[in-house]
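Trainee: Got a minute to walk me through this one? I'd like to know which spots to look at.

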Amino acid sequence: MNADELAFLPLSEQAGRIGRGELSPVELTECYLERIARCDDSLKAFITVLADDALAAASEAEAEILAGGRRSPLHGIPFAVKDQILIEGVRVTGGSRILADHVADRDATVVARLKEAGAVLLGTLNTHEFHMGPTRDFPFGTPRNPWNLERTPGGSSSGSAAAVAAGLCSFSLGGDTSGSIRGPAAYCGVVGLKATWSRVSRDGVFPLAWSFDCVGPLARSALDAALVLQALAGRDPMDPTSSGESVPDYAAALTDDLDGVRVGVVEEMMTEPYTGTEARDAVEAALEVLRSLGATVRPVRLPLMDDSKYAISPLVLLEASGHHRPKLLESYHEYDYNTRIRLMVGAALPSGVAAQAERARVAVTRQVLEALEEVDVLVGAAASGGAPALARGEPITSKEEATFVLFGTGAVAGHHSRVFSLAGVPALSVPCGFDADGLPLGLHVAGRYFDETAVLRVAHAYGKANTWSRNRPPLAVR
Amino acid sequence: MRDLTVEQVERILAAQGYDVPADDLVEITARLNAQLEGAAVLDRITTDETESWYALFPFGCGDER
């Protein structure tokens with residue numbers, strides 16, 4: 001197996017080879033560092049590459065494993081994290097020029113847990129400024145989609161998705177407030193999981209909107225995502241909002257069949273204008289696969305899905321503007337234009353809107369939970385179609401333009417994911433095909449609170465029954 | 001719902017200590033008015049029985065189970 005093939009192996013297979021002594025963590029780390037050097041100039045997935053630290057950690061892992069001290073399936077596996085997550089002694093910027101020289105003095109809990117599991121940290125990954133998006137001028141270069149460099153990788157976990165898709169790391173961490181893991185995962189053709197809100201510690205992670213924010217894995221398979229979630233999940237005394245709910249063995253619950261699994265297809269995730277023909281056809285084909293694997297499939301309605309945008313938008317803006325107030329007062333002009341405009345809208349929103357939005361959030365959540373009483377998982381398209389073209393977003397001058405962008409068909413990007421963010425339930429995107437331009441399409445799967453297992457089980461069985469994840473983007477085979 | 005003017009938005013933000021340039025205020029006002037118009041939908045979604053219970057309620061945050 002050559003180095004490029006090695007780079008695209010699922011981490012579960014890499015881990016198997018490391019465990020059997022067939023693969024060296026140092027060799028794997030060198031493979032990724034070489035690929036980053038070769039590919040990332042055009043991709044801009046990374047902000048900071050920790051080559052020396054990664055090689056030192058890989059050597060240490062190799063020695064420990066050879067001495068019989070393998071800590072976990074992640075031992076010796078190279079990963080990278082969204083530049084939102086603190087790493088001791090490393091520049092962590094939030095994708096902002098305001099924090100261009102900010103060096104973290106401690107590890108975020110998720111980083112500490114992955115280091116404890118023996119994983120090898122390669123660096124930090126590009127993101128929209130303070131995870132808000134869309135950023136107009138990226139201070140560390142515009143992240144691009146490895147399937148087509150003129151297309152967006154999605155945001156705000158842009159680099160997290162692009163790096164996994166391009167074979168620049170075994171897995172990555174992203175952050176998801178209203179779809180920022182699942183959207184990029186769909187656009188880049190990888191698996192991206194947002195667990196139940198509170199399942200994974202947010203300690204040491206720059207917030208966007210605390211009551212929605214989730215940290216989660218992006219990986220090349222559902223099994224890989226399960227292995228990473230295993231290391232991340234569980235109560236953290238450093239994060240008072242982290243849940244003490246017991247953590248199951250996610251990987252052990254994955255099966256190749258879906259016997260007895262009840263799947264609800266959300267009609268509102270399958271129709272125009274939010275879901276194009278190619279995305280709908282890809283999901284319809286995926287449903288046939290799910291049926292063939294033993295699942296029962298039935299239609300489900302979420303009538304408030306479209307209206308959910310009116311609730312989540314003010315809530316995210318209000319929480320974000322509150323968090324950023326000290327920096328806004330000090331450094332307003334150093335924020336990206338798009339970021340500061342949105343934060344000011346949050347600052348000016350009347351409290352009456354916030355109160356109504358919170359109430360609407362409950363109404364939307366109830367609808368999602370009621371739908372999940374009848375089925376085990378909800379599925380639909382993960383996005384309207386393949387990744388759209390890169391765009392800076394021109395300034396808006398009228399309410400009509402703003403309405404189109406926020407609530408009209410211009411708001412397509414978050415349609416498929418925000419309803420599950422409002423509810424706080426686990427959800428993921430798994431590749432389910434390609435559009436006519438050769439861009440990946442995603443299947444969205446959501447489940448009940450703390451039932452990540454059901455979500456991962458559906459994605460795992462489906463992923464094993466197709467070859468979508470084996471395709472490689474053109475940039476990766478140059 | 002009545003739209004806010006650029007001047008009104010400037011005063012709301014100035015009252016909070018923000019000195020926002022005129023160029024930015026145009027888009028902020030446009031977006032804010034769109035948000036206020038969109039908020040009318042929230043009245044339709046909610047009912048008198050919809051309580052905005054605390055967001056952490058179902059998650060068992062802090063519990064050791």
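Mentor: Sure, one term to begin with: buried means under 20% relative accessible area, exposed means over 50%, and partly exposed is in between, using a 1.4 Å probe and protein chains only. This is a predicted model, so local features need pLDDT of at least 70 and side-chain atom pairs count only at pLDDT 80 or more, while totals for chains, interfaces and linings use all residues. Residues are numbered from 1 along each chain as its sequence is written, chains are lettered from A and ligands numbered from 1 in the order in which they are written, and side-chain values use heavy atoms, with hydrogens and water left out.

Trainee: OK. So is A:Ser198 buried or exposed?

Mentor: A:Ser198 is buried, at a relative accessible area of 5%. The residue is in the loop between E5 and E6 of chain A. By the way, helices (H or I, at least four residues) and strands (E, at least two) are DSSP runs, numbered from the N terminus.

Trainee: What's the phi of A:Ser198?

Mentor: About 95°, so to speak on the positive side, although A:Ser198 is not a glycine. Most residues other than glycine have a negative phi, and most peptide bonds are trans. A:Phe450 also has a positive phi, near 65°. A:Phe450 sits in the loop between strand E11 (440-447) and helix H15 (452-464) of chain A, and its 13% relative accessibility counts as buried.

Trainee: And which peptide bonds are cis?

Mentor: One joins A:Gly155 and A:Ser156, with omega about 10°. A:Ser156 belongs to the loop between strand E3 (120-125) and helix H6 (158-165) of chain A. Another runs from A:Glu272 to A:Pro273, with omega near 0°. You'll find A:Pro273 in the loop between strand E7 (262-266) and helix H9 (277-292) of chain A.

Trainee: Back to loops for a sec. What does A:Ser211 touch?

Mentor: Leaving aside neighbours within four places in sequence, A:Ser211 is in contact (heavy atoms within 4.5 Å) with A:Trp197, A:Glu319 and A:Arg361. A:Ser211 is in the loop between strand E5 (191-194) and strand E6 (214-219) of chain A, and is buried at 5% relative accessible area.

Trainee: Where do A:Glu319 and A:Arg361 sit?

Mentor: A:Glu319 is in H10(A) and A:Arg361 in H12(A), and both are part of the contact between those helices. Other residues there include A:Leu315 and A:Leu318 from H10(A), and A:Ala357 and A:Val364 from H12(A). By class, that contact has 9 nonpolar, 1 polar and 3 charged residues. For the classes, Ala, Val, Leu, Ile, Met, Phe, Trp, Tyr, Cys and Pro count as nonpolar, Asp, Glu, Lys and Arg as charged, and the others, Gly among them, as polar.

Trainee: At what angle do H10 and H12 of chain A pack?

Mentor: Helix H10 (residues 308-331) and helix H12 (residues 351-374) of chain A pack at about 130°, with their axes 8 Å apart. That makes H10(A) oblique to H12(A). Axes are lines fitted to C-alpha atoms, for helices over the stretch in contact, and angles run from 0 to 180 degrees between N-to-C directions. Under 35 degrees is roughly parallel, over 145 roughly antiparallel, 65 to 115 roughly perpendicular, and the rest oblique.

Trainee: Switching chains: what does B:Gln35 touch?

Mentor: Not counting residues up to four places away in sequence, B:Gln35 touches A:Ser313, A:Pro314, A:Leu317, A:Val345, A:Leu349, A:Leu406 and A:Phe407. B:Gln35 lies in helix H2 (residues 22-45) of chain B and is buried, at 2% relative accessible area.

Trainee: How many aromatic pairs are there over all chains?

Mentor: The count comes to 6. Rings of Phe, Tyr and Trp (its six-membered ring) pair if their centres lie within 6.5 Å; planes under 30 degrees apart count as stacked, over 60 as edge-to-face and the rest as tilted. The rings of A:Phe79 and A:Phe171 have centres 5.1 Å apart and planes at 5°, so that pair is stacked. A:Phe79 is in strand E2 (residues 78-82) and A:Phe171 in strand E4 (residues 171-176) of chain A, so the pair ties together parts 92 residues apart in sequence. A:Phe79 is buried at 0% relative accessibility, and A:Phe171 is buried at 0% too. Ring pairs also link A:Trp147, A:Phe434 and A:Trp468 into a cluster.

Trainee: Last one: how many residues of helix H14 of chain A are buried?

Mentor: 9 of the 9 residues of H14 (residues 415-423) are, so the helix is largely enclosed by the rest of the structure. A:Gly424 follows H14(A), with a positive phi near 80°.
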